[in-house]
Amino acid sequence: MSATNTHLSQYQKYNQRVSRNRATSEVAWVRYTLIAATLLFLSLFLFVPLATVFTEAFRKGAGTYFAALSDPDALSAIKLTLIAAVIAVPLNLVFGVAAAWAIAKFEFKGKSLLITLIDLPFAVSPVIAGLIYVLIFGMQGWFGEWLTDHDFKIIFAIPGIVLATIFVTFPFVARELIPLMQAQGKEEEEAALVLGASGWQMFWRVTLPNIKWGLLYGVILCNARAMGEFGAVSVVSGHIRGLTNTMPLHVEILYNEYNYAAAFAVASLLALLALLTLALKTYVEWQSAKDAIEIEQE
Amino acid sequence: MFKYLISLTVALLGAVPITVSAETSILNVSYDVSREYYKDLNAAFITYWKEKTGETITVNQSHGGSTKQARSVVDGLQADVITMNRSPDIDILHEKAKLIPKDWQGRLPNNSVPTASTPVFLVRKGNPKQIKDWDDLVKPNVSVVIPNPKTSGNGKYSYLAAWGYVVRKGGDEAKAKDFVTKLFKNVPVLDTGGRGATTTFVQRDIGDVLITFESEVFLIQKELGSDKFEIVYPSVSILAENPVALVDKVVDKRKSRALAQAYLEFHFSEKGQQIAAQHYLRPQVSATQDQFVRVFKPLELFRVESIFGSWSKAEKTHFSDGGVFDQIYTR
């Protein structure tokens, strides 16, 4: 606690120095106009839509709301969304740690190419990502005939949805870890090795504790996107009710059928997930900042 | 921790059903607004099949824009049967992927068309603009809501109906073109699909008249009460046929041919036709038509083929890029 206090008082001193500097202060009306504009913008584009989701969802009462959520098609959509996330997130976690480790701690040829490749899913439109899989695994695609002959279903089935989800959530963990691991350098790992640690010991006792908050942050973002993804999944889904519809796809279908209350009920569930994600993210940020301060004080 | 993750992933991958057990389920890939109809039809068929064979089956449904749905089947969506609102969307399964034979329409009664609908007019209560027939739609102060013929089967049928109306009155191509030009000058917004046009007319209160399928018009009246709108039947309209087909390559692989065939035949049965009528789709098998005359006003209906030769010709002349519709609408 005292550590935090010392830190805070330093921060206040720093703040006073900054506010005395004329270059960083503005006359009152400019400041208030800017603040008002920001608040207006935020409420128009964030708070009002969020509130709409919930009011529309409950427009026909709580009965309709829960009926919409317990509808078999809705339940299967929720289940499929969770399956996709539960597979995609751990895979991307393992991949992200491995990639960030390689990129941050080693020098090798083609490193910048690897970084570019990791960023690819950010650059490509999700619809294209979905179409890529249709072109590869679709019946008219490269492996289409072989897959059909051997009775493998990839697209228009769950594997396709999982693949598309993995693709679009690929960079989150790696992108979060690379700058962090680069900043930390490799001295601590080297010290551990010199002191006789095995590879795994070094990873579990030195590397992982150092990156844990960044890793968690990446996983949270990855999970949020995995559950919310629409474009790529829509292309490979086939929209079979109760079988290959995820939550975002289910919302669209209900909306198109004029089933507004049900559409917003499922949408509110997604919004709740988003809010939960935000809360977790804030908690993680706060924890990691606290850790950083404590380490500084030591 | 690491081991846990791996075993969890493997377990889940293993638990994912890659194939649904054969022949006890079929997938029907259909167009956008047939959901309510198929909900009832499927339930009835499942009961019928259970009584007949003792087998419990599932009918899965996939709905979406018809052209997009057909594309998915071409790309490998395992549809046992495909049910569309225009035959070109089934023809494409033969043209692009040889999934069905070219003569698929000859395999079931009535050219594989169990049900049909037709574009009719919906006007506001009391018919303030006195709209009685196609001619009234091109008057200068009338605002008409039609979905976009480029993107919607519904819009294509309405466009072709207007064109056919002129031709059947003895008009030549120039006259017909002039007529649809005037008609689309009166269209304030082109929605991309039938349901979008309904929203524009009903919820946003735009337009004096909505041209859409009879089935959709009845649904609007059922949902919103018949005191707000009135149906107007034009003197003549086009027959919008809803063809069905089983997808040979898929049913042979999944060994579901018998079930799929029975499902399609059920569309043509007494019961199937009744269910269609309950959803305001015109039953097409003559034996059962008489009892529905009270619901469906007898109308002079012409087929796409009789005026335009074939669907593919109509499509090419009127709706392709730079086709007649592009010429009259962009001006």
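**Exercise 1. Strand β6 of chain B and its partners**

Task: In this predicted model, identify the bridge partner of B:Ile146 in β7(B), then describe how β6(B) pairs with β7(B) and with β8(B).

Solution:
1. B:Ile146 has B:Leu190 as its bridge partner in β7(B).
2. That contact belongs to the pairing of β6(B) with strand β7 (residues 190-191) of chain B, which runs in the parallel sense over 2 bridges.
3. β6(B) also pairs with strand β8 (residues 209-213) of chain B, in the parallel sense and over 2 bridges.
4. Within β8(B), B:Leu210 is the bridge partner of B:Val145.

**Exercise 2. The faces of β6**

Task: Determine which residues of strand β6 (residues 144-147) of chain B lie on each side, and whether these residues are buried or exposed.

Solution:
1. One side carries B:Val144 and B:Ile146.
2. The other side carries B:Val145 and B:Pro147.
3. All of these residues are buried, so both faces of the strand are covered.

**Exercise 3. A salt bridge between distant parts of the sequence**

Task: State which residue forms a salt bridge with B:Arg254, and explain what parts of chain B the pair ties together.

Solution:
1. Side chains of opposite charge can pair when their charged atoms come close.
2. B:Arg254 forms its salt bridge with B:Asp80, and the closest N and O atoms are 2.6 Å apart.
3. B:Arg254 lies in helix α11 (residues 248-254) of chain B, whereas B:Asp80 lies in the loop between α3 (66-74) and β3 (81-83) of chain B; the pair therefore ties together parts that are 174 residues apart in sequence.
4. B:Arg254 has 12% relative accessibility and counts as buried.
5. B:Asp80, at 0% relative accessibility, also counts as buried.

**Exercise 4. Accessibility within another pair**

Task: For the salt bridge between B:Arg257 and B:Asp248, classify B:Arg257 and B:Asp248 by accessibility.

Solution:
1. The N to O distance in this salt bridge is 2.9 Å.
2. Buried means under 20% relative accessible area, and exposed means over 50%.
3. B:Arg257 has 33% relative accessibility, so this residue counts as partly exposed.
4. B:Asp248 has 12% relative accessibility, so this residue counts as buried.

**Exercise 5. A network of salt bridges**

Task: Which residues are linked with B:Arg86 in a network of salt bridges?

Solution:
1. B:Arg86 forms a salt bridge with B:Asp89, with the closest N and O atoms 3.6 Å apart.
2. B:Arg86 is buried, with a relative accessible area of 4%, and B:Asp89 counts as buried at 4% relative accessibility.
3. The network links B:Arg86 and B:Asp89 with B:Lys156 and B:Glu315.
4. Over all chains, the whole structure contains 26 salt bridges.

Definitions and conventions
Residues are numbered from 1 along each chain as its sequence is written. Chains are lettered from A and ligands numbered from 1 in the order in which they are written. This is a predicted model: local features need pLDDT of at least 70, side-chain atom pairs count only at pLDDT 80 or more; totals for chains, interfaces and linings use all residues. Side-chain values use heavy atoms; hydrogens and water are left out. A salt bridge is a side-chain nitrogen of Lys or Arg within 4 Å of a carboxyl oxygen of Asp or Glu. Helices (H or I, at least four residues) and strands (E, at least two) are DSSP runs, numbered from the N terminus. Buried means under 20% relative accessible area, exposed over 50%, partly exposed in between (1.4 Å probe, protein chains only). Two strands pair if DSSP finds at least two bridges between them.
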